[in-house]
Amino acid sequence: MSARSSIHSGSVLARLLWLVIISSAATCCCCSSAAGNISTSNDVNVRCMAREKHALLQFKQGLVDDSNDLAPWEIMEDCCEWTGIACDFQTGHVIMLDLSNTHYFSLRGEIGPSLLELPYLYYLDLGSNSFNGTIPKFLGSLSRLKVLKLGYNRFSGFIPPQLGNLSNLHTLDLSWNYVTSDNLKWVSRLSSLRYLNMSALNFSSAVNWAQSISQLPSLILLQLGSCDLPDVDTASLSFINSSTSLQVFDLSFNFLISSSVFYWIGSVSKNPVSIDLSNSRIKGPIPDAFTNMDSLLSLDLSSNQLEGGIPKSFRSLCRLEKLYLLSNNFSDRLEQSIGNLSCAQNTLKSLNLSDNLWWGPFPDDLTRFVSLEDLDIYNATMSGSLPMSFRQLSQLRTLSLSHNRLSGSFPDVTGLSLLSSIDLSDNQLNGSLHDSLGQLSSLTHLDLSRNSLNVVLTEAHFLNLSKLQYVDVSYNPTFSFHVSSSWNPPFQLTILKMASCNVGPAFPKWIHTQRQLRQLELSNAGISDSIPDNFWALACSLPRLNLSFNQIHGRFPDLSSFPNLPSRNCFIGLMDLSSNRFSGALPPFHKDLTGLLLSKNKFSGDLSSICSTWAPYLYILDLSNNLLSGELPNCWVQFQGLAVLNMANNSLSGKIPSSFGSLKYLMQLQLQRNNFSGELPSLENCTQLVLVDLGFNNISGKIQAWIGSSLKQLRVLQFRSNHFSGCIPSRICSLPLIRVFDLSQNNISGVLPHCLNNLTAFSSVSPDEMDYLPAHSDFVLQLIWKGAEREYGENVRYLRSIDISSNNLTGVIPENITYMLGLRSLNLSRNSLTGVIPGKFGQLEVLEVLDLSRNHLSGSIPDSFRNLHSIDVLDLSVNNLSGRIPTSPQLMTFCESSFTGNVGLYGPQLTRKCPGDRQSEDPKVTGGTESAETENDGDGFITPGFYAAIGIGFFIGFVGVCLALPPETSWRYVQQYAAVMCGDELTRELGSLIIRASDAGGFRSKVSLLSLSASQGLRCLLIFCGSPERKTLSLWTKQLRVSSGNGMPLEDGHIWRKYG
């Protein structure tokens, strides 16, 4: 570039900065002649006009000055010496009133009309205060006013059009108020206006805004960001005259939508310097409207919906210094778009193309942009390898290429002495690190995480990195760190992350030298050492320490009295030592600890030591999956800040402490899989509870009504496998956010509440994306889903599950349960429910699991079941259902096991066996909705002799019938149809009979089985006998049924109806 062009470019940038300074500081340099006559406190010969002094005092009376900053106005005689006042030293007239909050005022009240008594006032700044109400109309009568700044107040209502009378106004700032205008025609009358800032006002109805602005011939800087501006009316473009003055456009955060705004800018300005159209919802490709904008220095089009690529008209932007195109829908080949910036190779300093859909490799041409200081192309789907060298980019300060598909090695960065930040995380780099990394003397931030770098880090890689503060090399499986045990690094890190790298087996001693460390992540780092005692002094200043998923052994120290910990200014923060091999008793905590995660270790003994700790800042305590035993101490009032408490999977016993009820910030309580007993203490003061899991304990008592009346934030309630009894209180229906409701395997009786449809979280088919679970992000919840126990984290918010199986419920299934349209899993199996299945079950279109097995439901399966398109698990077995099974593509995927044990049902599904049906006919859980373990028969008679007994019983019954038949009966007829027709039906009836008998308590002897088998054989033969013989055989059948001794009805009438 020539010297002349360099000077010109520098002068343009200087002018841009000068404009911004003028706009923000409002120095009003345009009024230099008047400013030269402003008096100061040293001009003792100047006395203000008495009339104007009186006007100022009247103005003050309308103000509320809480900080009493204007008290000198009442004391000092000369108003020209008052704070915020300036006078003309020749005439004594007040010409400036500056009470902006930049001078530490905080004023409110009324802006009185006494200001009209200041006829020579040209500067009025009341910005950054707390004035409210409407903007006074009389301000439009201050005809000499050149600067009016009312920004950052609380004005509301409409902007008075009288402000358009201020023909001498140079600067107008009304920004960040609550005012609006549906017609900006008044602005067009401000013919002297140069600097206009009306950011964050409501101009959503001002359709003529573009035409009004275009009539300001002297305007230099325009700030209309966050104004809800509508799109530019293309019909008005033909009436716009070009201007050479307007240079700075801030139209960000609006609703401009189409590309017409680009043409409008090109029409009102031939020399734009800065254009900001970010976050304005502009759609489509960038038009070729930049051909004549060779003066442009800065262009921000980020966070829109622009498509295509960088247009060819950008080839004329030879002075461009800043280009921001991030967060759009660009999908061009990146190399081609970069080629259209070739004219700016010597000027471009900041380039951000991130968060787009560019494709192709990293453009080698970018290494020719020798002035680049900031290069950001993260999350842009780039592929291929990086250039071998970045040496030409000697001015580079930040390099961010994360979240791409880049491969190969870390490039040569020799000579980049100004480079301070490198982020190549979340790529596919699989090579080595160039040794030049150690020469980056200005480097403070290095992030190479989530790659596959094959690197052995040595001291040479950090040789001259004395300014390094942030290092993240996590999740590089073949990344190892080998330095000498006596290494003293040249840097002092604040953040070090080496998770899932090969750091061990020894604990790195050089970390002890990092006295400024605030975060240390060494999880899954292959460490199998014990932690040195002197490390805990360093831990005192760590807001976050993560050493989880290692093989660290030894005992956890007593940090409350550790000798090397400083007595003051100790902030330990969150400490995650889970999934290690720590053992021994749990010591007291440090009083400043905010989080302690010790799950999946080998801690043993009781928890009596925690009572010697007063830790009011403790937020998270996770002691799950250890060997802890004994009763919980009742001293939890000492942990008032506790929000997450997890002690699951231990051997804790006794009652749940009543002091849990004092934890008013508690959100997550997990005590499942212990041996707790007794009744649940009152937690009604724990109104922030989101998740409660007490499953698999021995807790007894009733389900308390306060759960529904007090725990309104509850999302997950799991009481599975306890000894709760009594009925379900109706107040439980007052939980508006509950989505997992599990009371299964208890002793709950009574009827299902008829208000379950009031659980409003089940009413929506699609969960709200903003519906999050405000609990510890690392929590794990174990739930039974589709027959298997699964672990859920935050994704549990997508579940909608009710499980009240294996209880003693009676009564009918409420009809209104079918209005819970968001329900995904419903398990009411193993109760004593009666009545019919509600007919509107088919409207539960997202239902995936339905288990109503092992009840006493009767009637037919509703035809609406055809609409259960999402159903994955269905079990209606062992009820009294009858009729034809509805058919649909989804229902036809189910097999016999879903319907067996309903002797009146028929349909093609009953002839289809699925893999595992035989094993699941008599499990403890049918349909796979509970445990998959098979219930073993107690007396063990299911043996080969069992089947022999069935055969003998059938033979005896058959021969008995034959002997009782009169001579005229056709034996051939009986023999033929008994053999052909009874086989499959008999097998099915016997299978149903055996299942029902096992539910009723099981067979007690083989004799009773023989009697039942004989009776069933007679039933089969009754099909083929004439009417006279049916009476005789029916009596015989009843005698055999009574002799079986199990008290189970064999439903003769049903057989007659079925086979007639």
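Rings of Phe, Tyr and Trp (for Trp, the six-membered ring) count as a pair if their centres lie within 6.5 Å. With that in hand, here are the close-ups, all taken from a predicted model.

**View 1. Aromatic pairs, starting with Phe462 and Trp487.** Search the whole structure and you get 27 aromatic pairs. In this one, the ring centres are 5.9 Å apart and the planes meet at 45 degrees, so the pair is tilted. Phe462 comes from the loop between strand 28 (456-457) and strand 29 (470-472), while Trp487 comes from the loop between strand 30 (480-481) and strand 31 (495-497), so the contact ties together parts that are 25 residues apart in sequence. Both Phe462 and Trp487 are buried.

**View 2. Phe556 meets Phe582 edge-to-face.** Here the centres are 6.4 Å apart, with 85 degrees between the planes. Phe556 lies in the loop between strand 34 and strand 35 (573-576) and Phe582 in strand 36 (residues 581-584), so this pair ties together parts 26 residues apart in sequence. Phe556 has a relative accessible area of 6% and is buried; Phe582 is buried too, at 1%. Zoom out and the two belong to one aromatic cluster with Phe507, Phe535, Trp536 and Phe603.

**View 3. An open sheet of 10 strands.** Reading across, the order goes 34-36-38-40-42-44-46-48-50-54, and the pairing is parallel. Strand 34 (553-555) and strand 54 (808-810) sit at the edges with a single partner strand each, so one side of each has no neighbour in the sheet. On average, neighbouring strands are turned by 15 degrees against each other, direction ignored.

**View 4. Strands 40 and 42 of that sheet, side by side.** Strand 40 (residues 627-631) pairs with strand 42 (residues 651-654) over 3 bridges, in the parallel sense. If you want a bridge to look at, try Glu631, whose partner in strand 42 is Ser653.

**View 5. Arg673 over the ring of Phe696.** The charged end of the arginine, Arg673, is 4.0 Å from the centre of the Phe696 ring.

**View 6. Stretches with pLDDT below 50.** The chain as a whole averages a pLDDT of 82, and 78% of the residues score at least 70. Residues 1-36 have pLDDT below 50, and the model gives this stretch 44 contacts beyond near neighbours in sequence. Over residues 919-943 the pLDDT also stays under 50, with 51 contacts beyond four places in sequence.

Key
Residues are numbered from 1 along each chain as its sequence is written. This is a predicted model: local features need pLDDT of at least 70, side-chain atom pairs count only at pLDDT 80 or more; totals for chains, interfaces and linings use all residues. Side-chain values use heavy atoms; hydrogens and water are left out. Two strands pair if DSSP finds at least two bridges between them. Helices (H or I, at least four residues) and strands (E, at least two) are DSSP runs, numbered from the N terminus. Axes are lines fitted to C-alpha atoms, for helices over the stretch in contact, and angles run from 0 to 180 degrees between N-to-C directions. pLDDT is the predictor's confidence in each residue, from 0 to 100. Contact means heavy atoms within 4.5 Å. Rings of Phe, Tyr and Trp (its six-membered ring) pair if their centres lie within 6.5 Å; planes under 30 degrees apart count as stacked, over 60 as edge-to-face and the rest as tilted. Buried means under 20% relative accessible area, exposed over 50%, partly exposed in between (1.4 Å probe, protein chains only). A charge sits over a ring if NZ of Lys or CZ of Arg is within 6 Å of the ring centre and within 35 degrees of the ring normal.
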